[in-house]
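Hi,

Here is the structure I said I would pass on. Have a look at it first, and then read on for what turned up.

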Amino acid sequence: MSCLNRCCFCFALSNSCFLKAGETDNPPRIPANPVINGNVAMADGHNNTEEDDTSWRSEATFQFVVERFSRLSESVLSPSCFLRNLPWKIMVMPRFYPDRPHQKSVGFFLQCNAESDSTSWSCHAQAMLKIINYKDDEKSFSRRISHLFFYKENDWGFLNFMSWSDVTDPERGFIDDDKVTFEVYVQADAPHGVAWDSKKHTGYVGLKNQGATCYMNSLLQTLFFTNQLRRAVYMMPTEGDDSSKSVPLALQRVFYELQHSDKPVGTKKLTKSFGWETLDSFMQHDVQELCRVLLDNVENKMKGTCVEGTIPKLFRGKMVSYIQCKHVDYRSERIEDYYDIQLSMKGKKNIFESFKDYVATEQLDVDYKYTGEHGLQEAEKGVKFLTFPPILHLQLMRFMYDPQTDQNIKINDRFEFPDQLPLDEFLQKPDSKDPANYILHAVLVHSGDNHGGHYVVYLNPKGDGKFVHFPHGTCSNKIISIQDIGEHDCSMYLLEWCKFDDDVVSRCTKEEAIEHNYGGHDDDLSVRHCTNAYMLVYIRESKLSEVLQPMTDVDIPQQLVERLQEEKRVEAQKRKERQEAHLYMQVQMVTEDQFCGHQGNDMYDEEKVKYTVFKVLKSSTLQEFVQNLSQTMGFPQDQMRLWPMQARSNGTKRPAMLDYEADCNKSMIDLSDNENPWTIFLETVDPEMAASGAMLPKFDKDHDVMLFLKMYDPKTRSLNYCGHIYIPISCIIRDLLPVMCERAGFQQETSLILYEEVMPNLTERIQDYDVSLGQALDELMDGDIIIFQKDDPENNSSELPTAEDYLRDLYHRVDVIFCDKTIHNDPGFVVTLSNYMNYFQVWSVQVAKTVAQRLNTDPMLLQFFKSQGDSPGNPIRHNYEGTLRDLLQFFKPRQPKKLYYQQEITLYPDKHDCVRDLLEDCEQTVELSEKGSEKLRCPQTVQVSDVLEGPSSGPFAGFNLDRMDLDQLKREKIKMQLKVLKLQEEYYTLQIKKFKQ
């Protein structure tokens, strides 16, 4: 934090200050409410004590007269002077040294926005701090500062600006009548993080930064102010484009919003159309590459339309690369198109030297002769420009590879470029009728080093060569329109430039836009060393009016306007809904038709059910909701009844009684106990009976109970929903049997078995039919479920003879994906199994049979493998004693469960056979690939007892076989070592080991 040539350090008090290096004395305390005296004198002679209509200006000179200066004992602050809508003050303080009174000094600081509570604001400024000499103004003492002001460092200057003795010495001329005048000239950039109205101050708006998209924002603003391009972009046909993937449509949207919005415009939809993820927006990309991507997309979209060829018409130039032999009559030429020019600026003073270097002739001689049809020849090699385009993009090569450090570096050397650029001398054949004179339109600037930094762009939006006039005696920041110039005497003329710094747009001077971005050295405070131009945009003077022809709403197709306005309307609606989301809740209705066909526990599957969803104000009453529901569903209120689904402690979810008469005036959020979404079972009259005026039966909440009925069919192993009934709590179970027979379509005297579905893993049989419901059912409640089935001896032959067996099996069901071990990323197929299936006793019979049927193979030829991550693991031994649950224990609850299989080849070799005989037998069994080598490889196998799908003493041996393609056979030369293990008198298994030569 050094200033000028002094080495200083910042310390934290209520305001930050500087200490000279090596000083250890405590600085003077700055009071919480500093004394304010004196008056602020503006350069134009006016006093400014409050914000006026010029508060947005970028620069000003103001003074602070400190009276009774010799008695000054603590810091004092001037009244505020407003620049860039921020309050700026002069702060003066005495610097005391108790042990060194002769070293007392004057502290002089510039303070910005110190009284703000915000922590997000910042403003970069350059200033000259001066103590006025009353005798001779040329002897006034001044120092410069350049600083980024923000809430932690809201003042900047010098603790030892000048010695106290020098200031108070009347002979030196700095004090008069015990008064000292402090003056500050400030030049401030537009601030960030404060209420800066770019539209009001400049007529333009900026672009929001997504994290590291300032480089893209600079380019987009440059393209936007290329009016002829903008007009053509609007004309692209994007009616059928996907709004989330179309780059042309996204560019149209950005341009439209920049033209019509009053606030900074977002670019997330544009970057999303590039295919960028969120992280990409926090990484800086190459500007030249991004420009080509955008223009290529636009050019392709314009093909076959009325604006086809706009991109090459505006940006394409032609050059010729040539080689001219010196001693033979031979010249080679190649004409090339270009859309930008990369200029070397290392060691060059200005842009003219770079162009001369670009077209300079290269001598091909000695060791670098040209090789052609005449052999090795001395030659000259170079390029010449045939044409320059209407819009000239010049890339300054500030980023280069440094072989000494083996990394890219940024060149911050001074490099000058003019606002008017004549290029006729670089054309092969200049056109006298249309000279190649160019006007500077945009300066794209980078601050930082090769590893990162910040990008802004300075633009002359109108680019019409008109000037802004400042009469004598006025500040250069006062903007006067061209019409106001008239015949007034002028002291200076400035082109009207604007600085586009992401979301902040501000007016600036020509000097700020051009000369301050040449680059330079640290000792020049008007030029920041690492801030310099890296790309320039020039427009041909003869094409200026055509390229920058003013844009109006008439130039935008009506269908595009309607589409973009509809997008804005929908987005505004969604934004409003998000903002008001806390005021609403969701009520999701489930009706009885959703219960039909459900084959599991409870009444429906929460993951599969289709709710009817209502968005309801939390504060609305139940009565209001029912009225709206009646209108929506088409049922009178006396043909509907609401039953909120209530989660029970045993893990089930069943309907519960809602007392409408008692609760009709309660709010929906209170009735739901803050449950959102709130699920309700809507009971209605049968639609066929509703037209006749039928009403729901009365329900006495104190004496009645609502039960749901299901019928289980062992033959089809399925549940059938049989509706619900209201029944008195005192009802005898036997009285329910006729209702059940009727609902199921059974004869009235059919013998039934009844169960209560208590919870997913608990179903209890009802043994005594001569007791009341309250005695028969455990904790009788509304929503209890009774399952019944025929008492038929034939049920015993079914795999799941009872509802209890069915629900137990359902509870332990698991879907397992079987994948082929030999196929990479095999999607496999799903088989539904039971978690408690024993592998040794059941697997080989049920699972192997099921998988074999899917593969159309013999179950005895399948070998199964565990899953290890997303890959096959160890083989499952045929005598594995565990259950399927044990095999799948490492999978997460909702993670797909996978097992792998491999088809085996079983051979029955004679004990006198050799390996050749085995392979010949295999070749007859295996289908070899047409692209393969038609040869087989024998990998090392496990012991036969691990391979066989049965007892190891069975009458056969197992032998694993892989297929090998030709490329692999060429790549791996393998020697085989065979080991014969004798198991019994007649049968053998082979173990084969491979070794790379």
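Let me start with the pocket lining. Three elements, α19 (803-811), β42 (813-820) and β43 (829-834), each supply at least two residues to the lining of the largest pocket. The top contributor is β42, which gives 4 residues. Bear in mind that this is a predicted model.

As for the pocket itself, the space inside comes to about 1400 Å³. Its lining is made up of 30 residues, and those closest to the centre are Asn601, Asp605, Glu607, Leu810 and Arg813. If you sort the lining residues by character, you get 11 charged, 10 nonpolar and 9 polar.

Now for the chain as a whole. The protein chain has 997 residues, and 48% of them count as buried. I get 24 helices and 52 strands for its secondary structure. Its accessible surface is about 52200 Å², with 46% of that belonging to carbon and sulfur atoms. On contacts, take the pairs in the chain that are at least 6 apart in sequence: 67% of those contacts join residues at least 24 apart.

You may want to know about the cysteines too. How many disulfides does a search of the whole structure find? The answer is 0. Two cysteines to look at are Cys664 and Cys731. Cys664 has a relative accessible area of 15%, so it counts as buried, the cut-off being under 20%. Cys731 comes out at 13%, and is therefore buried by that cut-off as well.

One last spot to click on is Glu541. You will find Glu541 in the loop between β31 (531-540) and α11 (544-547). Is Glu541 buried or exposed? Neither, quite: its relative accessible area is 43%, which lies between the 20% and 50% limits, so Glu541 is classed as partly exposed. Leaving aside residues up to four places away in sequence, Glu541 touches Asn437, Tyr438 and Ile439. There is also a pairing with Ile391 to check: Glu541 and Ile391 are 150 residues apart in sequence, while their C-alpha atoms are 9.9 Å apart in space.

That's everything I have for now. Shout if you would like to go through any of it together.

Cheers

Terms used:
Residues numbered from 1 in each chain as written. Predicted model: local features only at pLDDT ≥ 70, side-chain atom pairs only at ≥ 80, totals over all residues. Heavy atoms only, no water. 1 Å grid on protein atoms, 1.4 Å probe; cavity = no way out; pocket = protein on both sides within 12 Å on 5 of 7 lines; lining within 4 Å. Points joined across faces, edges and corners; volume = space filled by probe spheres on them. Nonpolar A, V, L, I, M, F, W, Y, C, P; charged D, E, K, R; others polar. Disulfide = S-S within 2.5 Å. Buried < 20%, exposed > 50% of the residue type's maximum accessible area, 1.4 Å probe, protein only. Contact = heavy atoms within 4.5 Å. Areas by Shrake-Rupley, 256 points an atom, 1.4 Å probe, with all protein chains shown as cover.
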